[in-house]
Each structure stands twice: as structure tokens, then as C-alpha cells.
2 protein chains.
Amino acid sequence: MIKKFLIKAKALRPKLNTTTHFAECSVAPMGAGDSAVIDFGTHLVGKVKIKFSYDGSPPDAPAFIRLKFCEHISEIDEDTSDYRGWISKSWIQEEYVHVDDIPSELKLNRRYAVRYIKIDVISISSKYRLKIDGASVDASTSAEKTVEPCGENARAAKIDEVALRTLKNCMQCEFEDGPKRDRRLWMGDLRLQALANYKTYKNYDLVKRCLYLFAGVSDKNGNIPACVFTRPRVIPDDTTMFDYSLLFIPTLLDYFTETGDKATAIELLPTALRQIEIAKESFDGDVLRDSDKLGWCFIDWSLELNKQCSAQGVYIFCEKCAAKLCELLGKDASALYDDAKKKTDAAISAFFDDKLGLFASGKDRQLSYASNIWMCIAGVFGKEKCRDILLRLEKTDAIRPVTPYLYHHYIQALIDAGESVRAKEIMYGYWGGMVDAGADTFWELYDPENPDASPYGSRTVNSYCHAWSCTPSYFIRKYFSGDKND
Amino acid sequence: MIKKFLIKAKALRPKLNTTTHFAECSVAPMGAGDSAVIDFGTHLVGKVKIKFSYDGSPPDAPAFIRLKFCEHISEIDEDTSDYRGWISKSWIQEEYVHVDDIPSELKLNRRYAVRYIKIDVISISSKYRLKIDGASVDASTSAEKTVEPCGENARAAKIDEVALRTLKNCMQCEFEDGPKRDRRLWMGDLRLQALANYKTYKNYDLVKRCLYLFAGVSDKNGNIPACVFTRPRVIPDDTTMFDYSLLFIPTLLDYFTETGDKATAIELLPTALRQIEIAKESFDGDVLRDSDKLGWCFIDWSLELNKQCSAQGVYIFCEKCAAKLCELLGKDASALYDDAKKKTDAAISAFFDDKLGLFASGKDRQLSYASNIWMCIAGVFGKEKCRDILLRLEKTDAIRPVTPYLYHHYIQALIDAGESVRAKEIMYGYWGGMVDAGADTFWELYDPENPDASPYGSRTVNSYCHAWSCTPSYFIRKYFSGDKND
């Protein structure tokens, strides 16, 4: 923990902007066993209040109710009682509440990510029925301005609108990964949020705060954890991920490129460079250890994925970013470029399959989009060869991306390879699929071929507003509609 | 609703006195499925706080816990999930809570009646375990002073101690019937609480406030409801009970006798007298209607009880109290005395069975303690005859009292009949039975022969601190130990 960095992060803690949204509620008075659904019309993040009154005799016993807060309509009727996933059931946004005083306004202490509230009356006196007179959400965000959706057509604009809302609702006191779950700052998510933020809400201080938080919680060895906890106090997660530690580097580079804030870049450069040094320890020569020996490297929520090749791609990409950052700050970058060249050559000889014209990963030579996407992003080959790889992939049964996070890198790789048209098709198809499925915000996971997919053993704990899926707003503005808001 | 009375009641609303009680907690850190019990060492009424910390990795998901607040040790292991009683399950003091920030102190918003808290960890991340670092109750009461337990021996003093705590814990912004359930002001309970209060805490203003609350919520006809709701606003219950409306009269008489507060007695006298007028409408001639035609009359929590005779006893007793109150205030009481005499004569000829030497109630001539107790309290016969009736009862299988409420009247009737020794034996036996069963406060119901008795279909919702059982403190001080504290 580096105190001076945490002091800077604290000084940058934003004041949240709050707007109150009301929902009408025209349900009949409810007795035991009755249910009602409140719809706020869109996805909101904030504190909920519900006004109750009664019909019949004076309430002579509390009303005992269950409140289920749903981001997406599919959650309303999910049976949460049989949840058996491997992450904690405690993430399910469900409360059991005694309403003692009626009429009254129930003010819930916790923050929810919510469009729908399902209310079940579990128990109530038979002498009265519970009435819902209205509900409101004091929705919060640290986004400070309104950004108009844009795009070349109505569908693009709709996708942008949903992406903008996704980013806005994840912008709280930090860039959160998801306001339902995990409600905290993860490095991989931060990088994509920051990119979308530069093209939209332009809250540079929030990025700066998050960079200082990560740098501030680095361990004795200088390693950055995958995630930072900020409540009730700032501490690092004890999880580190090979790729997430390295992604601090492009995030710092992007921040400096966008803002020109040289003081921050200079102050955090040693932390950034330290990630390269630490990552180097995972190499045997210039080839990264196979994924079973690598420790956790995220890449995508695909449990079968071999990550040896894609992780080396992340390394090369980040090392080049480190070199560029050094150059921009007037420091010598030659050693970094030299090392990146060695890792590039080694990657081609270790992973590229000349017969297939594709990268293959691990001792079983696994074919995946992930490996090829990251090698392209790392620029191990020129534009034409990357284009060939990315188009060739489509004709294989290589393991496909399952998260918007890896889809982002896929879109970026296609654009970098000059395949903007294909990138746009894939982006509108993938994110458009979520819009077609009723998304107000984009999801943590979306597998068009398997709508029930969850890495957690049950979609009940999936997040339906997840920061890493907000980047259509970045792509649309940067590449697809002439940076209208830039 | 009579506004001027409610304004007076509001002005008398007490400031609660709060003392903080801490419980040590030396349980091992808990994972999913683990439980712990916190013991505060005695019965308390107030707001609960629990300090949580963790063991292991940083908490990466909320802890989802169940808290069960128990007045009596028997509640800890009761399975509340299968509660099927006829009053609302919402009375069960159980909460499901997400603890988001750890370490932190959980502050629960509701007030509980509690000695034990059982904590079950329903769901938690496998990366950490929940630690309980301590718990506290900010215990509240409107009792303003400490009263030392007294009694002729250790057992009597122990009974007094428990009775004093029962009264104190029911003294909140009103005299509540029970701080777990129903947490509100009932007329029958108030009368007994006021009697015990005069001998102990002497909070006269709280009695005065409650008298004004009842008078203030009388209906257009002048009828006093059985109970007053004060939260979220003052309204009458739509339940009236024949006996409870009438018991306003002795409660006002006792208040005036104790305090000499003539202004209040004069102001509330018309309300008191109105209850007699209204009760008269339930008579056919001078005999009360049978209990199936009477409407609700409480008497005792015995569902099989025929109340025709005991209700007539309550009427006569209350009419005599009204007459006495008139006399004390210099008003003409002769009509009341005359009517009481007529009702007395009619009661003897309608209900007294010469062969049995006991009162019998209803068309089935049901034998019960209730009928005979109330006829004795009403003084329909002289002392000797009442003594004979009360002792004779013990040799029958007359329906016995099931609540401390009717036991109170039994004890009072015995004392009035000169049977103080028997009264004491019965009181120490009955209330002592609760002490032997671990009572920190006396209960709503206690049937020595049927420990699972409940008028609600399940003892899970029974109240274990119930005001109407506090009167040993009254009897001990007034009759059994020379009014030590008076």
C-alpha cells in the first residue's frame, strides 16, 4: 500500500449526482401470497423508496414482504430459492422486509441495480391488505453530463444509448464492473470504461482516481491486484491476474494521451513498468508458461480456454504500450522494444501454425478466437496478415468469445486490421442481440447461442449492467460515425 | 376522535431512557451453514447493533445472514418456517440481512424484544468467514427510576424482579401489551400495568397519556376501542371489546385515587360514564346477552369460554367504580348504584347454581373460574360467600385460567375474600413456574399443564414479555410485604 497514492485517490473521490425517478403503481391491494411488479421503465442504480398504505382495518401486524430487484425482465420470475451456483447467493438482489408502520415510506439502505421490483407479500394480517402508492429510485452516477446517443442509423443509435447507460450506471465512486455484482473496480473493466468515457462523459478525474487506487494498493513487490475494494476501506483484493496487472500500462498510456497529464504519467510510470518486470518471471525464455502453470489470467469467461498464447499477446501489447509511454515521457524505450521483438518472434515460432494460418495455444494446440485476437492486437504480424487471420478464424470451430469483454478486443482487432465493415457487422450483431432481448444496459455475458450461459453455474447471479460491455459508444464515436461528440 | 384529548396525550409523550447493554461473542468465524447465538444475559427492548469482521480473504461478496431475536431460550431452536398459526407470521422476530461492508457495525432499524440472537450464515463467499466481534442493545423504557425487587423470601423477590422487568420493558411511549407483539396499548393490559406502576415506577404521566389516548380515539358514539394504534399516527383499532371498553372506568378511578388529579378525572368522567350507557345496550332486561350474541368480550385467552356471566361481572364491577368516581367528584351516584344492584340481583338469579354453590354461564351452564372470579370481584356476594365460591372452585373441573391476566383477577378475588394465604400460594406457584422455566420477563400465556399452549395456533408468536403478567409487583407491595416501596 502506497499512502501518497491513496491520499491522491481519496481527494479525487467524486460527489455523486442523484436524480429521482418515480414509478406509478396501479396494482390492487395485496394479501398474503399476492405479488406485484413495479417497473421504472429503465435501468437505474440507486436507493429505493416505496410508499405503502392499506385497505381495510388498521394494520394490526407488520407486513412481511419479499422484494426482488431485477435488472432484466428475465429475472422477475426466476426461482432464486434453488440457486446452486459457485459464487455466493448473497449477490441475489432480494430482501425480506417487515413493514411496521403503515402508511409509511420504506427507505431501503442498500443500493440496487434495478429496473423492476417484484414484491411478494409473504405474510400479513388478514384484517388489512397492503397497497403500494408509488416507488422511487434516487439514481446515482458520477457521470456529470448528458451525452446524446449517436450512430449511423436508428439501430446504431439504440445500441449507443444502451452502451451510454451501461457506462453511466457503472460510474459511481469508482468505475465499477457492475452495479449489481461485483460493484467494484477491476483493471480489465477500467481500461474499457476509460476508453468509452474519453469519448462520452469525459470524467478524467475518475480515471485518475482509479489509476491511483490501483497503484496505491500494489503489494510489496509492486504488483497490482486484479481488483480494489474501497468499502468499508481501501484494500487490494488478494487475487492477481496476469493480464489485469499488465493492463494498467495501456490504461495509463490512454489517460496520458487523452489528458496530457504528465505529472500523473511520470508519477505512475514506475508502477506501470514494474508490471512488465513481474510478468517476465512467468516466462521460460521468451515463451510464456502454459496456462496451467501461469496462475490466473482472465482473457474471457470461458473455462475451457487455454490462455498461454493470448496471455503472451497481452504481454507484448502492454510492453509496446510501456515503450510508447516512455517515449512520450522522454525516457529510453529501446530495451522494451527489444524485448517485445523477442517475445513476438518467440510467439510466432511457438504458437503460429503455418498450415492453419492461425495461432494455436498450449500443448494441445487449442484453436481459439482469444489467442488470435490478442496476437493481432499485439501486432505480431502486419495489418494484412492479421486481416487474413481474423477472417480465416470465422471458417473454423475455434472457441468463440463469450463476453463483451473479449468481443471488444475482437472488434478492435478487426478495425486495426482494416476490417471496419466486418467489425461493425459483428458489433451490431452481438450487442444488437442484447438489445433485441430487452437490454436497457449491456450484460456481463452474452452468448447468442446459449442464452442461459453463466460462468457461475446459474444466470441468477449474472450482471445485466456490466462496464466491459459499454464500448460500442467508443467504437461508434471513434470509428463508425466520425467522432460526433468528440 | 376528540382532538383536544389527543393534543393532551401528545404533550405527555415521554422521552425514552436508553441504556446500552453489550454482549461478548466468542464464536468461531462462520462459513455458510454455520450458526451462533449471542446472549445478552437478560430481556431487553431496543435497537440492536452487531459488529462484524472477517477471517480470510477480503470479503468479495456480501454475507447473507438470518437473525432471529428470541425473548426466551425455547425460541432459539424453534423451526419458524412451518408456522401455520392464525395471526400473521410477520410477528416472528426474524430478519434476513445482507452485510455489504465488512468490517462494519450492522445497525438494525427495528426495535426488538430480545435476550438471545441466533445468527445463521445463509450464504457467504467461500473466500472468507464471518466473525462476530460483539453486539449491543440500546435498551429503552419510559420507566424513570430503578426499583429494587422485594418480597418475603428469595423466591418472592425473584418473582418481583421478573415482574418489575416485565413492566419496565413494556413501558415505552405508551404502556405496551408486549414489546414483541402487539407492541401497543390495550385497555385491559393498561389497567393492570397502571396498578403495578403506582407501586413501583410511579410514572403517572404515562397513565394519564394513555387515558387521554383512549378517550381521544373514542368513536362518534363515545365508545372506547379495545386498543389504540399510535404509529405511524394515532388511530383507534376497529376492534371493541365489551369488557375492555368498561375497564376504562376503574383505570380512571385508580388514577384519580392515586394522583388526586381532579382535573383529569372531571374531564374524562363523561367518557367513562358513556361506556356504561353503551354496555347497557347489550342487556336483555338486567341480564346480559349470551356470549355468542355479545360481540367480543376478552376475559381470558380460552376459546371455549362462555363469557355471559363473567362479562356481567365486569359490568357490575365497572358500574360500581363509576359510582365511586362520581361520589369522589361530588356527583350524584345513586342511579349507578341502583342499576348495579339490579344487575347484581339479576346475575344471582340468572347464573348462580344453588346446588353447586357456583356461578354457571350461558345456556349450557358452563362452569369456569372466569365467571366466579368476576362475580366475586364485582362483589355480588359478601366476603364469606365469595371465599366459599373460590375455594369450592378448586374441587371442580371448571375451566381454568390460561393467562396471567385472568390469574391476576383470581389472585385479587382471593385477597378480597380474605384468602391472602391461598392467593400467595397460587401466585408464587403460577408465576414461579415461569421463573423455573427460565423467564426473564413474564409471559402472555402460561398454562402449567400445557407448556405449548397458544391461542394463535403456534407458540412461535407468543409474547414472552407481556404487561398483563407484571402484577406480582403490585400484589407483593400492596398485600404481601407491607408496601415496602410505597
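**Notebook: domains, chains and a small sheet**

I began at one spot in chain A, where Val228(A) stands opposite Pro236(A) of strand 9. Worth jotting down before going on: I'm working with a predicted model here.

*Entry 1, the sheet around that pair.* I looked up which strands belong together. In chain A, three strands make an open sheet, ordered 7-8-9, with antiparallel pairing. Strand 7 (185-186) and strand 9 (235-236) of chain A are at the edges with a single partner strand each, so one side of each has no neighbour in the sheet. I then checked the link between strand 8 (residues 227-229) and strand 9 of chain A: the two run antiparallel and are joined by two bridges.

*Entry 2, how chain A is split.* I noted two domains in chain A, with domain 1 covering 17-141 and domain 2 covering 154-480. Taken over C-alpha atoms, the centres of these domains of chain A are 37 Å apart. I wanted the contact count next, and found 25 residues of domain 1 of chain A touching 30 residues of domain 2 of chain A. About 2300 Å² is buried between the two domains of chain A, and carbon and sulfur atoms give 52% of that. Which residues of domain 1 of chain A lose the most area to domain 2? I got His72(A), Trp91(A) and Arg111(A), which together make up 28% of what the domain 1 side buries.

*Entry 3, polar links between the domains.* I counted four salt bridges between domain 1 and domain 2 of chain A. Arg111(A) turned up again, this time in a salt bridge with Glu176(A), where the closest N and O atoms are 2.8 Å apart. For polar contacts, the tally between the two domains of chain A is 16 residue pairs. I also asked which strands supply the domain 1 side: strand 2 (35-56), strand 5 (104-123) and strand 6 (128-141) of chain A each put in at least two residues. Strand 2 of chain A gives the most, with five residues. Sorted by type, the residues on this side of domain 1 of chain A come out as eight nonpolar, eleven polar and six charged.

*Entry 4, chain B against chain A.* I moved on to the interface between the chains. Here 39 residues of chain B are in contact with 39 residues of chain A. The buried area is about 3100 Å², with 49% from carbon and sulfur atoms. On the chain B side, I have Pro58(B), Ser90(B) and His98(B) down as losing the most area to chain A, together 16% of what that side buries.

*Entry 5, polar links between the chains.* How many salt bridges cross the interface of chain B and chain A? I found ten. I pulled up the salt bridge of Arg110(A) with Asp100(B), whose closest N and O atoms are 2.7 Å apart. Residue pairs in polar contact across the interface of chain B and chain A number 30. On the chain B side, the elements giving two or more residues are strand 3 (63-70), strand 4 (94-99), strand 5 (104-123) and strand 9 (235-236) of chain B. Strand 4 of chain B has the largest share, four residues. My last look was at residue types: the side of chain B that touches chain A divides into 17 nonpolar, eight polar and 14 charged.

Notes
Residues are numbered from 1 along each chain as its sequence is written. Chains are lettered from A and ligands numbered from 1 in the order in which they are written. This is a predicted model: local features need pLDDT of at least 70, side-chain atom pairs count only at pLDDT 80 or more; totals for chains, interfaces and linings use all residues. Side-chain values use heavy atoms; hydrogens and water are left out. Domain bounds come from an automatic or database domain assignment. Contact means heavy atoms within 4.5 Å. Buried area is the accessible area (1.4 Å probe) that two parts lose on being put together, summed over both. A salt bridge is a side-chain nitrogen of Lys or Arg within 4 Å of a carboxyl oxygen of Asp or Glu. A polar contact is a pair of N or O atoms within 3.5 Å; within protein, one must be able to donate a hydrogen and the other to accept it, and residues adjacent in sequence count only if both atoms are side-chain atoms. Ala, Val, Leu, Ile, Met, Phe, Trp, Tyr, Cys and Pro count as nonpolar, Asp, Glu, Lys and Arg as charged, and the others, Gly among them, as polar. Two strands pair if DSSP finds at least two bridges between them.
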